[in-house]
Amino acid sequence: MGVGSSPDGHPRTSAYSTRQAAGLGKIAVLSETGETLESRSLAGSETTIGREGADIEFNDDPFMSPLHAKITAADGNYSLRDLGSRNGTWMFIAEPHRLGDGDLFLIGSQVVLFRRLGYPGPQPPESDATRRMGSLVPSADIARLVQLRSDGSQRDTVHLSPGRNLQIGRESGDWVFPYDPSMSGLHAEVRSEDADFVICDAGSRNGVAVSVRGQVRIEPGVRLLVGDKMIRLEAP
């Protein structure tokens with residue numbers, strides 16, 4: 001925004017230029033094959049994305065909440081926050097992501113919930129000293145993965161134990177989804193790192209995304225899923 005002088009000597013405010021907002025960066029809307037369909041400039045230091053009443057609107061997306069997500073730009077840095085949307089805001093990972101209790105991740109079209117269970121306490125002896133039968137390996141499960149339906153109900157559950165890695169895919173792995181055409185043959189791996197677990201992309205075609213919790217820093221080039229729109233943050 002610039003200030004000049006009018007013929008009568010009074011200050012004159014220049015017209016706003018979208019080039020100033022474009023200097024903050026933009027988002028590219030991607031096709032299923034990753035091609036850029038259109039680009040939209042960030043509106044300012046804070047840009048909301050949504051179906052209605054947002055700075056960047058996608059009126060045709062029924063999976064997007066009216067105010068869905070917000071991108072903040074400051075000093076060349078970017079951050080992302082979900083605005084309490086119904087379907088969440090998803091960030092595709094380029095590096096292994098350490099899972100925390102309550103994290104959601106997306107593989108193919110499957111939404112999976114990670115829950116910590118904690119370490120089980122010692123089993124007290126039976127009153128008559130009889131040993132209890134049961135599986136000895138693995139001896140302890142400290143977390144689990146839960147497949148969620150679109151209504152939020154739970155379907156399949158897989159338990160995680162220290163020292164055990166879990167592979168997930170459409171055709172091969174420890175947890176297989178043969179009915180999901182958007183999942184690669186071997187899509188992802190959940191790796192055990194001491195008492196923690198990380199989710200890794202196993203070279204899948206469609207990637208692995210984690211649901212954004214709180215405000216997270218993002219880098220240019222990151223792919224995001226907002227509603228049904230795949231977008232990519234691009235620097236100026």
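This dialogue explains how burial, contacts and nonpolar cores are read in a predicted model.

User: How is one to decide whether Leu 117 is buried, exposed or partly exposed?

Analyst: The general idea is to compare relative accessible area with cut-offs: buried means under 20%, exposed over 50%, and partly exposed lies in between. Leu 117 has 41% relative accessibility, so this residue counts as partly exposed. Leu 117 is found in the loop between strand E12 (110-116) and strand E13 (143-148).

User: Which residues is Leu 117 in contact with, leaving aside its neighbours within four places in sequence?

Analyst: Residues separated along the chain may be examined for their distance in space. Leu 117 is in contact with Asp 141, Ile 142, Ala 143, Arg 144 and His 159, once neighbours within four places in sequence are left aside. For Ala 143, the separation from Leu 117 is 26 residues in sequence and 4.9 Å in space, C-alpha to C-alpha.

User: Is Thr 48 buried or exposed?

Analyst: The reasoning is repeated here. Thr 48 has a relative accessible area of 17%, and is therefore buried, since buried means under 20%. Thr 48 is found in strand E5 (residues 46-50), and its contacts beyond four places in sequence include Ala 54, Leu 67 and Leu 83.

User: How many residues does the largest nonpolar core have?

Analyst: The largest nonpolar core has 42 residues, and Ile 49 is one of those with the most contacts inside it. Strand E7 (residues 69-74) contributes the largest share of this core, three residues. Apart from this core lies another, of eight residues, among them Trp 90 and Met 230.

Notes: Residues are numbered from 1 along each chain as its sequence is written. This is a predicted model: local features need pLDDT of at least 70, side-chain atom pairs count only at pLDDT 80 or more; totals for chains, interfaces and linings use all residues. Side-chain values use heavy atoms; hydrogens and water are left out. Helices (H or I, at least four residues) and strands (E, at least two) are DSSP runs, numbered from the N terminus. Buried means under 20% relative accessible area, exposed over 50%, partly exposed in between (1.4 Å probe, protein chains only). Contact means heavy atoms within 4.5 Å. A nonpolar core is a set of buried Ala, Val, Leu, Ile, Met, Phe, Trp, Tyr and Cys residues joined through side-chain atoms within 4.5 Å.
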